[in-house]
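Work through the exercises below with the sequence and the coordinates open beside you. Each task is followed by a solution that proceeds step by step.

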Amino acid sequence: MPWNPDTYARFREERAAPFHDLLAHVRDLTPRRVIDLGCGSGELTAHLARVFEHAEVTGLDSSPEMLARAREHAGERLTFREDRIEDVDGEYDLVLSNAALQWVPNHHALLPRLWTRVAPGGALAVQVPSNFDHPTHRLLAETASEAPFADVLGGWTRSGTAPVGRQSPVLGIDEYAELLFGLGAADITAYEKVYPAVMADADGLLAWVSGTALVPYLERLGEHADAFREAYREKLWRRWPGRPVFYAFKRTLFVGRKVG
Ligand SMILES: C[S@@+](CC[C@H](N)C(=O)[O-])C[C@H]1O[C@@H](n2cnc3c(N)ncnc32)[C@H](O)[C@@H]1O
């Protein structure tokens, strides 16, 4: 997937806020090994290395573009490697993932797999967006279902990667809590929170989505990418003709600890 570190970085501050909330839940740990799954351009992974000053910190991502940027932060205790989240190996005192697991299907299978990577006494801490019912996503799917894009995409939509009846692989907070309990986790935390963002106008929403949800569509659309972006932009403006635009971004955070 052609992730673009510059496009993603445009809302750095807004995107960092849930990471800091997540970190607060595991700040009491003194981990020796930490892994950041889907580390992106690595700024937040570098923050983990500063906070956990005795830890070896690894950032893992499947995007060479993101990793090239992340490696600028590499140091003695901070390394980055190219791999898929679903293939992660090794054992860590903290397995953390911020805004990345929404790209990995089947969380009922993924979570038990990630849990095996958590060392006794350690924790699994995850943040995923849970705003897939937001109009920005619905309008994206609507654009993808229209001509000529539906043909070019061969019927592909982001929600096609989700379980039947769902818009994304992201589960409900009750399901994450239950999954963690089933895995034997202690100290379970699971909640959803709105992170408000105020955009100057609908183009602000387009800029935000361009860094994430639009990426897999544009990747598949080739020469139709610009026309798709324009058709989507028109829908955004129709939905939000005024200014400013308030973006109520919902995110899910969950944490579980492995008894040591
Ligand atoms: C929205 S960015 C989040 C980056 C960073 N964690 C942050 O909070 O700023 C999502 C990242 O997940 C990575 N990613 C998506 N699917 C992945 C997978 N299956 N395995 C590894 N990385 C993946 C992407 O390459 C991208 O860098």
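The exercises that follow concern a predicted model, and they move from the overall fold to single residues.

**Exercise 1. Overall form**

Determine how many helices and strands the protein chain has, and assess its radius of gyration against the globule rule.

Solution. The protein chain holds 11 helices and seven strands. Its radius of gyration is 19 Å, close to the 18 Å that the globule rule gives for 260 residues, so the chain is as compact as a globular protein of that length. Along the principal axes, the C-alpha atoms fill a box of roughly 55 × 40 × 35 Å. Of the 260 residues, 40% count as buried, and among contacts with a separation of 6 or more, 75% are between residues 24 or more positions apart.

**Exercise 2. Domains**

State which residue ranges the domain assignment gives to each domain, and how many Å separate the domain centres.

Solution. The assignment gives domain 1 as 1–130 + 168–195 + 249–260, and domain 2 as 133–165 + 201–243. The centres of domain 1 and domain 2, taken over C-alpha atoms, are separated by 26 Å.

**Exercise 3. Nonpolar cores**

Identify the residues with the most contacts inside the largest nonpolar core, and the strand that gives the most to this core.

Solution. The largest nonpolar core has 47 residues, and those with the most contacts inside it are Val34, Leu94, Val95, Leu124 and Ala125. Strand E5 (residues 118–129) gives the most to this core, contributing six residues. A second, separate core has 19 residues, including Leu214, Tyr217, Leu236 and Phe249. As a general background to this step, nonpolar side chains in soluble globular proteins tend to be buried together. Turning to one residue, and leaving aside those up to four places away in sequence, Leu94 touches Val26, Leu29, Pro31, Val34, Gly122, Ala123 and Ala125.

**Exercise 4. A covered helix**

Find the buried residues of helix H3 (residues 43–51), and list elements that cover them.

Solution. In helix H3, the buried residues are Leu44, Thr45, Ala46, Leu48 and Ala49. The elements covering these buried residues include helices H2 (12–24) and H4 (64–70), together with strands E1 (33–37), E2 (56–61), E3 (78–82) and E4 (92–98).

**Exercise 5. The ligand shell**

Establish which of the 20 residues around the ligand come nearest, and how the shell divides by class.

Solution. Of the 20 residues around the ligand, Gly38, Gly40, Ser62, Ser63 and Trp103 come nearest. Divided by class, the shell around the ligand has 10 nonpolar, six polar and four charged residues.

**Exercise 6. Backbone details**

Locate the cis peptide bonds that involve Pro148 and Pro244, then place Asn106 and Asp187 and decide whether each is buried, partly exposed or exposed.

Solution. A cis peptide bond with omega of about 0° joins Ala147 and Pro148, and Pro148 lies in the loop between helix H6 (135–144) and helix H7 (149–153). The bond from Arg243 to Pro244 is also cis, with omega near -5°, and Pro244 lies in the loop between helix H11 (225–239) and strand E7 (245–257).

Asn106 is not a glycine, although its phi is positive at about 55°; it is found in the loop between E4 and helix H5 (107–115). Because Asn106 has 13 C-beta neighbours inside 10 Å, it counts as partly exposed. Asp187, likewise a residue other than glycine, has a positive phi near 55°, and its place is in strand E6 (residues 186–199). With 12 C-beta neighbours inside 10 Å, Asp187 counts as exposed, since the exposed class takes in residues with 12 or fewer.

Conventions:
Residues numbered from 1 in each chain as written. Predicted model: local features only at pLDDT ≥ 70, side-chain atom pairs only at ≥ 80, totals over all residues. Near = placed C-beta within 6 Å. Nonpolar A, V, L, I, M, F, W, Y, C, P; charged D, E, K, R; others polar. Helix = DSSP H or I, 4+ residues; strand = E, 2+ residues; numbered from the N terminus. Rg over C-alpha atoms; globule rule 2.2 N^0.38 Å. Buried ≥ 20, exposed ≤ 12 C-beta atoms within 10 Å, placed from the backbone. Contact = placed C-beta atoms within 7 Å. Domains from an automatic or database assignment. Core = buried A, V, L, I, M, F, W, Y, C linked by C-beta atoms within 7 Å.
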